[in-house]
Amino acid sequence: MEHALSFATWFWLIVPMSAVVVLSLVTYLMGK
Amino acid sequence: MNMSTPTLVTFVVYLIGMLIIGFAAYRLTDNLSDYVLGGRRLGPGVAALSAGASDMSGWLLLGLPGALYASGMNQVWIAVGLTIGAYLNWQFVARRLRVYTEVARDAITVPDYLENRFHDSSKVLRMISAVVILLFFTFYTSSGMVAGATLFEKSFGMDYGTALWVGAIVIISYTFLGGFLAVCWTDFVQGVLMFLALLMVPIAVVAADGGWSNTVAQVAAVDPARLDIFHNMTLFGIVSLMAWGLGYFGQPHIVVRFMGLRRSSDMPTAKLIGMTWMVLALYGAIFTGFAGIAYFAEQPLANAETVFISLSQLLFNPWVAGVLLAAILSAIMSTIDSQLLVSSSALTEDFYKAMIRPKASQKELVWIGRGTVILIALIAVLMARDPDSTVLGLVSYAWGGFGAAFGPVIILSLFWKRMTRNGAIAGMVVGALTVILWKQVEGGMFDMYEILPGFILCALTVVVVSLMSTPPIAAVQDEFDAFEKTLHQ
């Protein structure tokens, strides 16, 4: 594909914001 | 553009729904703790969405999609910073504050907590924090009203004054009647509406653009730089945008949701719901603005901030568009009502009860609370009648000011036994002054968002002044130990 979001853009768009949800899920499950 | 009948009907149903919630909460409000903190009986879902909806103003549906539409992916950094800040607030402040406010003689407001935490009989700490809250939130409330009324004026040709009064009367009514419970329950419904809107609109736009690949290709055709998260960004600029996240620890209208939670053990559930809501809502706003670039490639919008509302009108039938419109209004109202109530609680608990009538009955205090809601709202409406008024410019100090003046003080008070009252006062003053002075200077490091230097200097001041002053008395230290013990039970 000629035009796409770069890896760096995807990375910074996805990783930090998803990480907080995953971390919250882990704390939630650990408390169960 | 005028409001169609289905849109108007949906919209009126929404407003009536808010009033019904206000009345239901009225029946459960007996004392001041009920009125300003819901008697600490929020479930995790309501606490989480209420914290999120109070935090996210019209910026979420207007400002952020508008910024993405105008500049592209490099506007994502502020969302990243806010998400991390909100998470750290849930992780490190929420449960501790919930527990400590109860241990510290059942504090029901932030100034109340600070006074009780340090056993400050001089009332200086309470007064400084209450004045700051009252001042900035009155302007904040007013500025939110301006945003709402302007939206209706520009989008539907409604008279500015009419829009202002209709919105204000609905918000005043349910906040007046039901206090904190009404504000939190309406926030919950408003948060759900915002969430649904921010899921539906981006999906519909990407579909209308012909799928994700086509959306990206069309954005690239408009301007390939808008695909790049680093376009025109320096490390300095990224840090400055992400520093917005530091504001969370000191926002009274957000942290008070933690204090109102039913059980501190519900915190992990609330955190999970809150963070999931926030992240999906932010993605919705980001992709709405991004896909809007492709959708409006041929005929760009004159005002970028109308991207969400324009797409709602163009892509959905009028009934759904009415719901989406209610979602925008929800974002604005859920922030105004929370700030209004925090201001009212500062006047009632921190001035009236603390200074004027310490022995006032609970019934009297609830009615004083209701009276101050009307008083502050009327002042806010009067200021909002002139949308160009320069006093409203004070709002630009509010997020950074609260974040830098209260944030480090609240965090350190929850973690550091050796912290003193003088440390807290000095930290608050230095944090607030740094934000105000930093904003006056331009160029070089002074272009950095003022919350970062304010936050650091406030924290340093708290530590240095606390270490220089006499250690806290035994009663304060014992209370801290009792708090830690309760926390680990």
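**Briefing: chain B, its core and its contact with chain A**

In this predicted model, 23 residues of chain B are in contact with 18 residues of chain A, where contact means that the C-beta atoms of two residues, placed from the backbone, lie within 7 Å. Residues are numbered from 1 along each chain as its sequence is written, while chains are lettered from A and ligands numbered from 1 in the order in which they are written. Because the model is predicted, local features need pLDDT of at least 70 and side-chain atom pairs count only at pLDDT 80 or more, whereas totals for chains, interfaces and linings use all residues.

**The side of chain B that touches chain A**

- The elements of chain B that give two or more residues to this side are α5 (76-103), α9 (212-222) and α12 (267-295), with helices (H or I, at least four residues) and strands (E, at least two) taken as DSSP runs numbered from the N terminus.
- The largest share, 8 residues, comes from α12(B).
- By class, this side of chain B has 17 nonpolar, 4 polar and 2 charged residues, where Ala, Val, Leu, Ile, Met, Phe, Trp, Tyr, Cys and Pro count as nonpolar, Asp, Glu, Lys and Arg as charged, and the others, Gly among them, as polar.

**The largest nonpolar core**

- The largest nonpolar core has 182 residues, of which Met194(B), Ala281(B), Ile286(B), Ala327(B) and Ile328(B) touch the most other members; such a core is a set of buried Ala, Val, Leu, Ile, Met, Phe, Trp, Tyr and Cys residues joined through C-beta atoms within 7 Å.
- Helix α8 (residues 160-208) of chain B gives the most to this core, with 23 residues.
- Ile286(B) touches Leu64(B), Leu68(B), Val76(B) and Ala79(B), leaving out residues up to four places away in sequence.

**Three loop residues of chain B**

- Gln75(B), in the loop between α4 (63-71) and α5, is buried because 24 other C-beta atoms lie within 10 Å; a residue is buried with 20 or more such atoms within 10 Å of its own C-beta, placed from the backbone, exposed with 12 or fewer, and partly exposed in between.
- Apart from its neighbours within four places in sequence, Gln75(B) is in contact with Ala67(B) and Leu68(B).
- Asp106(B) sits in the loop between α5 and α6 (110-117) and, with 13 C-beta neighbours inside 10 Å, counts as partly exposed, while its phi is positive, near 50°.
- Asn232(B), in the loop between α9 and α10 (235-242), is exposed, with 10 other C-beta atoms within 10 Å, and has a positive phi of about 60° although it is not a glycine.
- Most residues other than glycine have a negative phi.
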